[in-house]
Amino acid sequence: MCGNRSIYPTGGASDRTRHVLRGPMNAHRYDVIVLGAGAAGMMCAFEAGRRGRRVLLLDHGERVGRKILISGGGRCNFTNLHTRAENFLSANPHFAKSALARFTPADMIALVEKHGIRYHEKTLGQLFCDDSAQRIVALLERECGDAGVETRCGVKVIKARQENAAAVASKFVVETSAGDFAAESVVVATGGLSIPKMGATSFGYELAQQFGHALIEPRAALVPLVFAPEDRERWCDLSGVSFEVVARAETTGKTRRKVAPEFREKLLITHRGVSGPAVLQVSSYWKPGEQVCFDLAPGREVLAALLEKNARRDAANLVAALRAILPARMAERWVAAQLTLDWTNAGIARMEAALHAWTLTPAGTEGFAKAEVTAGGIDTAELDARTMESRRVPGLYFIGEVVDVTGWLGGYNFQWAWASAVSAGQAV
Ligand SMILES: Cc1cc2nc3c(=O)[nH]c(=O)nc-3n(C[C@H](O)[C@H](O)[C@H](O)COP(=O)(O)OP(=O)(O)OC[C@H]3O[C@@H](n4cnc5c(N)ncnc54)[C@H](O)[C@@H]3O)c2cc1C
């Protein structure tokens, strides 16, 4: 929960204040104001506080770290052991490297262990809390408290401006629902657009644009895909059926330099389309109008038995073969969905090929209301990769999801939040 400390705590951060700021009357003064008390904002705040900086952390929610609490099914997948820059989408695929090297999964694990939080690897290097995501929020709150960070919840940030850009570069006034606050540095950690009911706003993007930063168009990512009406009619009564696939977004776009990666994980049919980890992963690469492709039998030749001498070549035997890789209802539906069943060797080979390339053109995604993250965001071209500082406006920093760096599913987004936060926290 947010601290109820007074604006100027005794014997705390105020005693450590090394910078006397001058500016408009009635503005409370800090070295650093961090906007947004999510994963990135809290981490950055205590990293700066540990260095003796006087830090104010603001959030309009009633409590800090709300997305952390709902993350990882309530257990917070707080990092991934295999984190590399390749696990992130960004217009500049190299941008994240410096921050990710500065604060690694091992550093996060050390912090988690320092707080006695038990964790386990679920799959593919994904580390989750054994009990509750609340433990990660408590860790961050404790570190913020120990570092003398002043945290204020229920405070909506309305605007940030340079106090007097001509006379005193890098001095800011932050206008909020609780009055004005001034600081030498402002760190924007207000996140992306996903899950508006958890407090997501476009504030960070607007502020960036106000200061002349370009945006890579924000879009819903790690999000379920919605079928066109005919596919919905054909498949969606199987809602709840799940099976392993290799999934990829078809990269037909002319501007793509690289082929989108493949993901071998579960697919889940929903009442409107498809979801599950495999689909969430490819959704981040999918663009409207493009196709997604699923290999329903990764690494297996399923119909070989039908090609054998004396094998029965009929729908019942085809369903039986498919049941080795698919749930019964999906196997039956897949056979029923074939326009023709051609029992020649060539026809069976075509069916085998079709199984390895179930190709669909989604009508869209479930949008920001259901997206785990927002891809796109503040263009990294004008950010310093070592510090996250704006190259346009000294003293202004952007960290976490608001930046055009988006991780795969599996703890990568929190690792980016922590890493970018530490980079800025050591620089402000
Ligand atoms: C359901 C779900 C599950 C997830 N699970 C995982 C997981 O297990 N592992 C993983 O790595 N990632 C996960 N993610 C993604 C991860 O939660 C985010 O990438 C991460 O929280 C981003 O951190 P952030 O600090 O940049 O932004 P946020 O956590 O979104 O924090 C931004 C903060 O800014 C505040 N804010 C916004 N505008 C204003 C304003 N104008 N004034 C004041 N405050 C403002 C918001 O209230 C919010 O607290 C999940 C996301 C969702 C939605």
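In this predicted model, the shell around the ligand is a mixed bag: 15 of its residues are nonpolar, 16 are polar and six are charged. There are 37 residues around the ligand, and the ones that come nearest are Gly36, Gly38, Gly191, Gly199 and Gly400. Three elements give two or more residues to this shell, namely α2 (39-50), α3 (66-70) and α14 (412-425). Of these, α14 gives the most, with four residues.

Two of these shell elements, α2 and α14, also pack against each other. Packed helices are described by two things, the angle between their axes and the distance between the axes. For α2 and α14, the axes come within 8 Å and cross at roughly 30°. Since angles under 35 degrees count as roughly parallel, α2 is roughly parallel to α14. The crossing itself is right-handed. On the α2 side, the residues that do the touching are Ala39, Ala40, Met43, Cys44, Glu47 and Ala48. They meet Phe414, Ala417, Trp418, Ser420, Ala421, Val422, Ala424 and Gly425 of α14. Sorted by class, this contact has eleven nonpolar residues, two polar ones and one charged one.

Helix α2 has another packing partner, α6 (residues 134-146), with the axes 8 Å apart and an angle of about 25°. That angle makes α2 roughly parallel to α6 as well. Here, though, the crossing is left-handed. From α2, the contact uses Met42, Met43, Ala45, Phe46 and Gly49, while α6 brings in Leu140, Glu143 and Cys144. Six of the residues in the contact of α2 with α6 are nonpolar, one is polar and one is charged. Met43 is worth spotting on the structure: this residue of α2 takes part in the contact with α6 and also in the one with α14.

Now for the strands. Seven of them form an open sheet with antiparallel pairing, in the order β17-β16-β13-β14-β15-β12-β18. At the edges stand β17 (358-360) and β18 (364-365), and each has a single partner strand, so one side of each is left without a neighbour in the sheet. Strands of a sheet pair through backbone hydrogen bonds, either parallel or antiparallel. Within this sheet, β13 (residues 242-249) is joined to β16 (residues 292-295) by four bridges, and the two run antiparallel. Following individual residues across, Val246 has Asp295 of β16 as its bridge partner, and Ala247 has Phe294. Strand β13 also pairs with β14 (residues 263-269), again in the antiparallel sense, this time over six bridges. There, Glu244 is matched with Lys266 of β14.

A second open sheet has three strands, with the order β3-β6-β5 and antiparallel pairing. Its edge strands, β3 (77-80) and β5 (119-121), each pair on one side only. On average, and ignoring direction, neighbouring strands in this sheet are turned by 25° against each other. Three bridges hold the antiparallel pairing of β3 with β6 (residues 126-129), and in β6 the bridge partner of Thr79 is Leu127. Helix α5 (residues 105-114) packs on this sheet and touches both β3 and β5. The direction of α5 makes about 140° with that of β3.

How values were computed:
Residues are numbered from 1 along each chain as its sequence is written. This is a predicted model: local features need pLDDT of at least 70, side-chain atom pairs count only at pLDDT 80 or more; totals for chains, interfaces and linings use all residues. A residue is near a molecule or strand if its C-beta atom, placed from the backbone, lies within 6 Å of it. Ala, Val, Leu, Ile, Met, Phe, Trp, Tyr, Cys and Pro count as nonpolar, Asp, Glu, Lys and Arg as charged, and the others, Gly among them, as polar. Two strands pair if DSSP finds at least two bridges between them. Axes are lines fitted to C-alpha atoms, for helices over the stretch in contact, and angles run from 0 to 180 degrees between N-to-C directions. Angles under 35 degrees count as roughly parallel, over 145 as roughly antiparallel, 65 to 115 as roughly perpendicular and the rest as oblique. A crossing is left-handed if the near helix is turned anticlockwise from the far one by less than a right angle, and right-handed if clockwise. Two residues are in contact if their C-beta atoms, placed from the backbone, lie within 7 Å.
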